[in-house]
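Here is a quick tour of this fold, going from the overall surface down to single side chains. Keep the structure open as you read.

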Amino acid sequence: MQRLLIFVTTLLTILIIAGISSSIGLGSLQNVAGAGSPLEYSFVRKWGSNGTGPSQFERPHDIAFDSKGNIYVSDRELNNIQKFTHNGTFIKMWGSKGIGDGQFNVPYSIGIDSKDKIYVVDRENHRIEKFDTNGTFIAKGGNGRGSQDDQLNRPEDITFSPFGIFVTDTGNDRILKFNSSFILTNKWGTKGTGDGQFIHPHAIDVDSKGNVYVGELNRPGVQVFDSNGKFLKKWGSAGIGDGQFSIPQEHIAVDSKDRVYIVDGASNPRVQIFDPNGKFLGKIGSPCKISNGTGCVDPDGAGPLALGDGQLSKPEHVSIDSEGKVFVVDRGNQRIQVFAPVNSTSQT
C-alpha cells in the first residue's frame, strides 16, 4: 500500500509540473533560455569613401553628436572636421593644416558640451580648440608643449560628463580633469605599468556613476577610476577571444545603460561590449579567422576580410546615439558604419 501511495503521489506531481509547463508556453521558455544570450547588432547604413571632398576621408578618426543629432567626424590626415545630419548627409566642413586659430595638426578627438560647443583635441599642436556648430573658432587651451598644469603633451582623447571634463594628456602619461569652465581641478597618473600608472593613455569615457574608464594603446584592458582619480579596478587581457584584446587597442565609449564599448586592434577588427565589471556582452564586426599582423585575412588567403557591410578594417572610434545605435569609424575603409540592436527590448 505504501509503495502504491508513493507511485500515485509521484505521478500526480509529474502531471502537475507538465500542466504548469504547458501553460507557460514555448515562447516564454525560449525567452528564459535566451536571457544570457550575447547582445546582437545588425548593419543599418554606411557613408564615406576615400578622397578629399565632401563625405570623403583620408583617415577618419573620431565621431560625436550634438544635441540635435548632427554628427561631427575628425580626419587626422585632411586636418578637418566634417558635419553631417544624423543619417549621414553632408552639411559642411572646416579646418586646414597649420598652427593658427581654427587650423589643426592631427585633429584627434572631438568632445561636445551641453551647450553644443565643439572641442577638438589638436594633438600635434598640443592644444584643445573650441568651436560653435558652424565651425567658427571661439577659443583654445594649452600653453605650449610641456608638463605644467597649463600645458599639454600630445593629448589624444576628451570626454564631457556631469562629473567633469576629462582629457588623456598622453605624452605626459596622465589624466587631466577640468570643471565646466575648463579650469583644471585634478590630475593623476605617472609613467609605468602599475595600478594607476599609464604607458600611452589613449581612450577615456565616463559612466553615469562617475566611473572613469581609461584604455592604453599598447596595454590590453581597461583601468577604472572614480571621478577624482582613485583607482578602483582593472580588467582585460591579451588575445583574440571574446573579452580579450589585441594590440593596438583603440577607443572606448560608454552608453546610457553603462555598457562599455571597446574598439579592438587592427589585427582583430571589432567592437566588444562589456558591463561595468568587464563581463563580455557581445561584439560587432567580422570574426578574425587568420591574422597577418596588420589585419584579418580570408581563410583561403584571397584577401582582406573587411570590405562588406558590417565588416571592419582598422576601426578607431565608436559612439552610441540616444537610440542605442552604434556608430563606428571604419578607418581602413574610409567610412562610417552604423549598427542597431537586433532586439532593443531585450537588450536592457
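The protein exposes about 15,900 Å², and carbon and sulfur atoms supply 52% of that area (accessible areas come from the Shrake-Rupley method with a 1.4 Å probe, and for residues only the protein chains shown count as cover). Bear in mind that this is a predicted model, where local features need pLDDT of at least 70 and side-chain atom pairs count only at pLDDT 80 or more, while totals for chains, interfaces and linings use all residues. Residues are numbered from 1 along each chain as its sequence is written, and side-chain values use heavy atoms, with hydrogens and water left out.

Of the 348 residues, 50% are buried (buried means under 20% relative accessible area, exposed over 50%, partly exposed in between, with a 1.4 Å probe and protein chains only). The secondary structure comes to two helices and 30 strands, taken as DSSP runs numbered from the N terminus (helices are H or I with at least four residues, strands E with at least two). Looking at contacts between residues at least 6 apart in sequence, 46% join residues at least 24 apart (contact means heavy atoms within 4.5 Å).

**Two open sheets**

One open sheet has four antiparallel strands in the order 4-5-6-7 (two strands pair if DSSP finds at least two bridges between them). Strand 4 (60–65) and strand 7 (90–94) stand at its edges with a single partner strand each, so one side of each has no neighbour in the sheet. On average, neighbouring strands here are turned by 20 degrees against each other, direction ignored (axes are lines fitted to C-alpha atoms). Strand 6 (residues 80–84) pairs with strand 7 in the antiparallel sense over four bridges, and Phe-84 stands opposite Phe-90 in strand 7. These two strands also make a hairpin with five residues between them, and Gly-88 in the turn has a positive phi of about 95 degrees.

Another open sheet runs 22-23-24-25, again with antiparallel pairing and four strands. Its edge strands are strand 22 (252–254) and strand 25 (280–285), which pair on one side only. The twist averages 20 degrees from one strand to the next. Strand 22 and strand 23 pair over three bridges in the antiparallel sense, with Ala-253 opposite Tyr-261 in strand 23.

**The nonpolar core**

That same Tyr-261 turns up in the largest nonpolar core, which has 14 residues (a nonpolar core is a set of buried Ala, Val, Leu, Ile, Met, Phe, Trp, Tyr and Cys residues joined through side-chain atoms within 4.5 Å). Among the residues with the most contacts inside the core are also Tyr-41, Val-271, Ile-284, Val-318 and Val-328. Strand 23 (260–263), strand 24 (270–274), strand 28 (318–320) and strand 29 (326–330) are the elements that give two or more residues to this core. Leaving aside neighbours within four places in sequence, Val-328 is in contact with residues including Val-271, Leu-312, Pro-315, Val-318, Ile-336 and Phe-339.

**Salt bridges**

How many salt bridges are there by the usual rule? The count comes to 21 (a salt bridge is a side-chain nitrogen of Lys or Arg within 4 Å of a carboxyl oxygen of Asp or Glu). Here are three of them.

| Pair | N to O distance |
|---|---|
| Arg-127 and Glu-129 | 3.4 Å |
| Lys-191 and Asp-173 | 3.8 Å |
| Arg-270 and Asp-264 | 2.8 Å |

Lys-191 lies in the loop between strand 15 (184–188) and strand 16 (201–206), and Asp-173 in the loop between strand 13 (164–169) and strand 14 (174–178), so this pair ties together parts that are 18 residues apart in sequence. Lys-191 is exposed, at 59% relative accessible area, whereas Asp-173 counts as buried at 6%. In the Arg-270 pair, Arg-270 is buried at 4% relative accessibility, and Asp-264 is buried at 0%. Elsewhere, Arg-123, Glu-124, Arg-154 and Glu-156 are linked in a network of salt bridges.

**A closer look at Glu-129**

Glu-129 sits in strand 10 (residues 127–131). Is Glu-129 buried or exposed? Glu-129 is buried, with a relative accessible area of 0%, and its salt-bridge partner Arg-127 is buried too. The C-alpha atoms of Glu-129 and Gly-102 are separated by 7.3 Å, with the two residues 27 apart along the chain. Not counting residues up to four places away in sequence, Glu-129 touches Gly-102 and a set of others including Asp-101, Phe-104, Tyr-119, Asp-122, Phe-137 and Lys-140.

Key: Axes are lines fitted to C-alpha atoms, for helices over the stretch in contact, and angles run from 0 to 180 degrees between N-to-C directions.
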